Amino acid sequence: MNILNNLLNGFYLRKQNLYNVLSLLLSLTLLFPILTTAQDSGVLTTKKDSLRGSITAERDWWDVVYYNLNVTVQPEDSSITGYNNITYRVTNEPRQMQIDLQDPLTIDQITQNGQALDYNRAKNSYAYMVDMPNDLKKDSLYTISVYYQGKPKVAENAPWDGGFVWEQDSLGNHWIATANQGLGASVWWPNKDHQSAEPDSMSINITVPSEIKNVSNGRLRDTTRHDNGMTTWSWFVSNPINNYNIAVNAGNYVNFKDTYEGKNGTLDLSYWVLEHNLEKAKEQFQQVKPMMQCFEDWFGPYPFYEDSFKLVETPHLGMEHQSAVAYGNEYQNGYKGTDLSGTGWGLKWDFIIIHEAGHEWWGNNITTNDVADMWVHEGFTSYSESIYVECQFGKEAAAEYSRGLRDRIENKSPVTGQYGLNNEGSGDMYYKGHNMLHMIRQIVDNDSTWKNILRGIQKEFHHQIVTADQIERYIIEQSGEDLDDVFDQYMHYADIPTFQYYINNDVLFYRWKADVDHFDMPLEVKLDDDGYSMIYPTSERWKRSNLELSDLSDFSLHVDYYVNKDSVNHVE
């Protein structure tokens with residue numbers, strides 16, 4: 001790809017004529033998939049990225065209403081067979097329908113009302129284009145059935161590298177799971193594989209060998225034992241749900257239950273764990289109730305009372321599968337036994353329980369329209385860890401935890417990805433997003449207002465698809481603070497702002513250095529011996545404030561502002 005970049009750069013620098021441009025592009029398509037350039041990024045992307053990450057014309061004219069997914073899982077040869085009945089509403093002029101399914105799985109047949117439909121696979125993609133009947137009417141509901149089979153991609157390092165996990169537990173029992181955020185749910189079942197395409201409800205029917213149990217999202221409706229040694233586990237989700245949250249979890253599980261009296265009544269808690277880990281789970285999962293109490297206080301009611309809350313032990317570390325949170329932290333506190341913050345506070349609670357459950361509010365209740373805005377999922381959920389620390393150990397402990405995560409921020413590329421290209425942007429979405437929110441709380445400087453903002457987001461956008469801009473606008477409006485520059489700098493540029501200053505004759509001179517033009521953000525600094533005062537630097541000009549410190553070396557910035565500091569030489 002570096003060779004390709006050099007070719008293109010040199011080519012355009014020489015400003016060849018149109019004939020040469022077309023000739024080069026034609027020859028490149030013979031060597032590479034169809035290429036596009038993400039705006040303002042210099043990153044070459046494929047047509048597959050666009051088909052996966054955008055609302056194409058073949059996706060735009062219909063909305064998913066209901067999925068009825070039926071899959072048989074065969075651990076002996078790592079294969080699956082099944083079909084998905086997709087109920088959809090016609091919203092615009094019908095065209096071909098885009099259905100996504102990834103290699104090496106293949107579609108055997110697509111039907112509607114018993115009629116076989118023709119389809120073809122778009123070049124260099126996982127998108128199948130289906131020729132639809134001519135008599136579809138706007139605002140009407142129809143159901144298309146997609147039959148498929150094959151050996152799905154095996155996850156090499158779940159949950160980061162997605163696909164199917166085919167494992168055995170320590171007693172030699174089959175232990176199977178799926179994890180596919182980022183890669184896409186189409187790695188194991190056919191669907192409209194875009195983050196915004198949530199069905200209103202879903203039936204999940206997974207057939208596995210009878211000696212193991214399958215746990216999926218929502219509530220268990222039925223089990224059907226077949227004569228061939230297989231059992232179908234039928235689950236139903238009554239709320240909107242992300243495609244990537246749908247999960248297979250099959251193993252030698254036992255189930256124990258509890259209830260939590262929450263803001264919306266009695267919430268059913270259900271835990272599915274390997275049989276030999278039952279006692280450890282009963283001890284470790286006691287953290288769920290205080291987590292629920294804390295998050296309902298700060299974020300509002302748990303969003304899926306109708307579907308219950310479950311923890312399911314998995315052969316991978318964990319994932320925020322809605323109402324069936326995957327848990328693989330081996331019944332220990334911290335993140336695999338370590339404290340990501342380095343402060344000690346992260347070893348006092350189970351990271352996977354707290355973080356992945358936090359996603360039920362941030363990512364599952366409210367979901368971003370484009371994965372480019374994934375910081376709304378991960379930044380707020382990372383911040384929810386600090387909220388949990390505050391609930392258990394106090395505000396200063398929470399602040400220490402937040403600040404401790406800064407060492408993990410790289411600031412090498414923007415947090416926000418490229419829109420329409422299935423591009424998530426920088427991994428800094430976690431800890432940088434977290435520390436930006438922690439800093440905004442300082443700027444708001446009213447904990448009651450801040451709590452109401454977090455609750456308000458969950459209520460205002462309950463079960464909705466959102467953009468980052470909507471969330472930012474809500475925070476700005478409800479706080480009364482001008483935070484546009486803050487969101488722009490921290491989420492759309494690699495660097496954080498630098499506070500430049502110098503001191504001359506007990507006078508502090510200061511300004512911001514930032515990528516955003518006319519950058520403006522308040523900051524708390526120590527101007528006197530009594531504590532911190534708010535100043536209002538900009539990037540446009542030097543400002544000044546008098547210092548009344550007994551010792552000028554005591555000048556400092558408030559530690560809860562995530563900024564760089566640079567003492568510069570005074571230049572007239």
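1. Confidence. This is a predicted model, and its pLDDT averages 92 over the protein, with 92% of the residues scoring at least 70. The exception to note is residues 1–42, where the pLDDT is below 50. That stretch still has 34 contacts in the model beyond near neighbours in sequence. I would read those contacts with the low pLDDT of residues 1–42 in mind.

2. The eight-stranded sheet. Eight strands form an open sheet with mixed pairing, in the order S7-S6-S10-S4-S3-S13-S16-S15. The edges are strand S7 (115–116) and strand S15 (219–225); each has a single partner strand, so one side of each lacks a neighbour in the sheet. Within the sheet, S3 (residues 62–74) runs parallel to S13 (residues 201–209), and seven bridges connect the two. One register point for checking this pair is tyrosine 66 of S3, whose bridge partner in S13 is serine 201.

3. A hairpin. Strands S27 (residues 523–528) and S28 (residues 531–535) are antiparallel and share five bridges. Two residues make the hairpin connection from S27 to S28. Leucine 523 has isoleucine 535 in S28 as its bridge partner.

4. Helix H10. This helix covers residues 431–444, and its end C-alpha atoms lie 20 Å apart, in agreement with the 20 Å expected for 14 residues at 1.5 Å a residue. Of its 14 residues, 14 are buried, so H10 is largely enclosed by the rest of the structure. The residue that follows H10 is aspartate 445, with a positive phi near 60°.

5. Salt bridges around aspartate 447. The whole structure contains 15 salt bridges. Among them is lysine 395 with aspartate 447, at 2.7 Å between the closest N and O atoms. This pair links distant parts of the chain, since lysine 395 is in helix H9 (residues 395–404) and aspartate 447, 52 residues away, is in helix H11 (residues 447–460). Lysine 395 is partly exposed at 42% relative accessible area, and aspartate 447 is partly exposed at 31%. Aspartate 447 also forms a salt bridge with arginine 441, at 3.2 Å from N to O. Arginine 441 is buried, at 7% relative accessibility. Which residues make up the network here? Salt bridges link Glu390, Lys395, Arg441 and Asp447.

6. A second helix-to-helix salt bridge. Aspartate 484 and arginine 473 form a salt bridge with closest N and O atoms 2.4 Å apart. The two residues are eleven apart in the chain, aspartate 484 in helix H13 (residues 484–492) and arginine 473 in helix H12 (residues 468–479). Aspartate 484 is partly exposed at 33% relative accessibility, and arginine 473 is partly exposed at 27%.

How values were computed. Residues numbered from 1 in each chain as written. Predicted model: local features only at pLDDT ≥ 70, side-chain atom pairs only at ≥ 80, totals over all residues. Heavy atoms only, no water. Pairing = 2+ DSSP bridges. Helix = DSSP H or I, 4+ residues; strand = E, 2+ residues; numbered from the N terminus. pLDDT = per-residue confidence, 0-100. Contact = heavy atoms within 4.5 Å. Expected span 1.5 Å × (residues − 1). Buried < 20%, exposed > 50% of the residue type's maximum accessible area, 1.4 Å probe, protein only. Salt bridge = Lys/Arg side-chain N within 4 Å of Asp/Glu carboxyl O.
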